Amino acid sequence: MPASTDDVVALTELLGRSPRADFDVVVRRAGGRPVVIRNAPLLDDGTPMPTRYWLVDPELGVAVARLESAGGVREAEGVVDADVLRAAHARYAAERDAALAPGHDGPRPHGGVGGTRTGVKCLHAHYAYFLAGGDDPVGRWVDEHLPDDVKVKAT
């Protein structure tokens, strides 16, 4: 379901600018505030958008940033099975690429979660994919390491 006018207003406030791609809200806090959006694979000018799922919740964003600054990217990459992670990247890319219009022959997004094909680039992107229902071992790791008081109680 495409974003409503209220969703566009909320995302504009969260980003501090208007969104540049079509999106829909796939995870919300109780009360309706957007937590995770699913972006179209192309921006409004046709530029590829590799980040399909985007964590837009400010509190979760800060909590995940704390994990990253404490070495979380390296730690998660060290404990997650590389083959399982590669499979998550492939699923993410396949879903995003399937959203391109049939016959699209222009520039295409590349990579998996966070635009990379291997390893861990961004805990935020992995967590967004996990919250949206993606089978993402890094997102699961993030969820296990976040304080309970910031986790999503979705509607």
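Which hand does the crossing of α2 and α5 have, left or right? That was my opening question for this notebook, and I come back to it below.

**Entry 1: the whole chain**

I noted at the start that this is a predicted model. I then looked up the secondary structure and found 6 helices and 3 strands. Following the sequence, I read the pattern α-β-β-β-α-α-α-α-α. The radius of gyration came out at 15 Å, close to the 15 Å that the globule rule gives for 155 residues, so the chain is as compact as a globular protein of that length. Along the principal axes, the C-alpha atoms fill a box of roughly 40 × 35 × 25 Å.

I also looked up burial, and buried residues make up 43% of the 155 residues. For contacts between residues at least 6 apart in sequence, I found that 54% join residues at least 24 apart.

**Entry 2: α2 against α5**

Now back to my opening question. I looked up helix α2, residues 58-69, and helix α5, residues 123-131. Their axes lie 9 Å apart, and the two helices pack at an angle of about 130°. Oblique is the word for an angle like that, because it falls outside the roughly perpendicular range of 65 to 115 and is not over 145. That makes α2 oblique to α5. As for the hand, the crossing is right-handed.

Next I listed who meets whom. From α2 come Leu60, Gly61, Val64, Ala65, Leu67 and Glu68, and from α5 come Leu123, His124, Tyr127 and Leu131. I sorted the residues of this contact into 7 nonpolar, 2 polar and 1 charged.

**Entry 3: one residue of that contact**

I picked His124, which sits in helix α5. Leaving out residues up to four places away in sequence, what does His124 touch? I found Leu55, Gly61, Val64, Ala65 and Glu68. I also checked His124 against Lys153, which is 29 residues away along the chain, and their C-alpha atoms are separated by 18 Å.

**Entry 4: how enclosed is α5?**

I wanted to know how many residues of α5 are buried. The count is 7 of the 9, so α5 is largely enclosed by the rest of the structure. I wrote down the buried ones: Leu123, His124, Ala125, His126, Tyr127, Ala128 and Tyr129.

Then I looked up what covers these buried residues. The cover includes the strands β2 (34-39) and β3 (53-55). It also includes the helices α2, α3 (72-79), α4 and α6 (137-145).

**Entry 5: just past α5**

Continuing along the chain, I stopped at Gly133, just after α5, where phi is positive at about 105°. Gly134 is in the loop between α5 and α6. Is Gly134 buried or exposed? Its relative accessibility is 12%, so Gly134 counts as buried. I also compared Gly134 with Tyr53: they are 81 residues apart in sequence, and their C-alpha atoms are 9.7 Å apart in space.

**Entry 6: His89 and Val113**

His89 caught my eye in helix α4, residues 82-98. At 3% relative accessibility, I filed His89 as buried. Beyond residues up to four places away in sequence, His89 touches Gly112, Val113, Thr116, Arg117, Thr118, Gly119 and His126.

One of those partners is Val113, so I followed it up. Val113 belongs to the loop between α4 and α5. With a relative accessible area of 1%, Val113 is buried too. Again leaving out residues up to four places away, I found that Val113 touches Ala88, His89, Tyr92, Ala125, His126, Tyr129 and Asp136. Val113 and Pro2 are 111 residues apart in sequence, and I read 22 Å between their C-alpha atoms.

**Entry 7: α3 against α6**

My last lookup was another helix pair. α3 and α6 pack at an angle of about 120°, and their axes are 10 Å apart. That makes α3 oblique to α6. What is the hand of this crossing, left or right? α3 passes α6 in a right-handed crossing.

On the α3 side I listed Gly72, Glu75, Ala76 and Val79, and these meet Val138, Trp141 and His145 in α6. The residues of this contact divide into 4 nonpolar, 2 polar and 1 charged.

Methods
Residues numbered from 1 in each chain as written. Predicted model: local features only at pLDDT ≥ 70, side-chain atom pairs only at ≥ 80, totals over all residues. Heavy atoms only, no water. Axes fitted to C-alpha atoms, helices over the stretch in contact; angles between N-to-C directions. Helix = DSSP H or I, 4+ residues; strand = E, 2+ residues; numbered from the N terminus. Parallel < 35°, antiparallel > 145°, perpendicular 65-115°, else oblique. Left-handed = near helix turned anticlockwise from the far one by under 90°. Contact = heavy atoms within 4.5 Å. Nonpolar A, V, L, I, M, F, W, Y, C, P; charged D, E, K, R; others polar. Rg over C-alpha atoms; globule rule 2.2 N^0.38 Å. Buried < 20%, exposed > 50% of the residue type's maximum accessible area, 1.4 Å probe, protein only.
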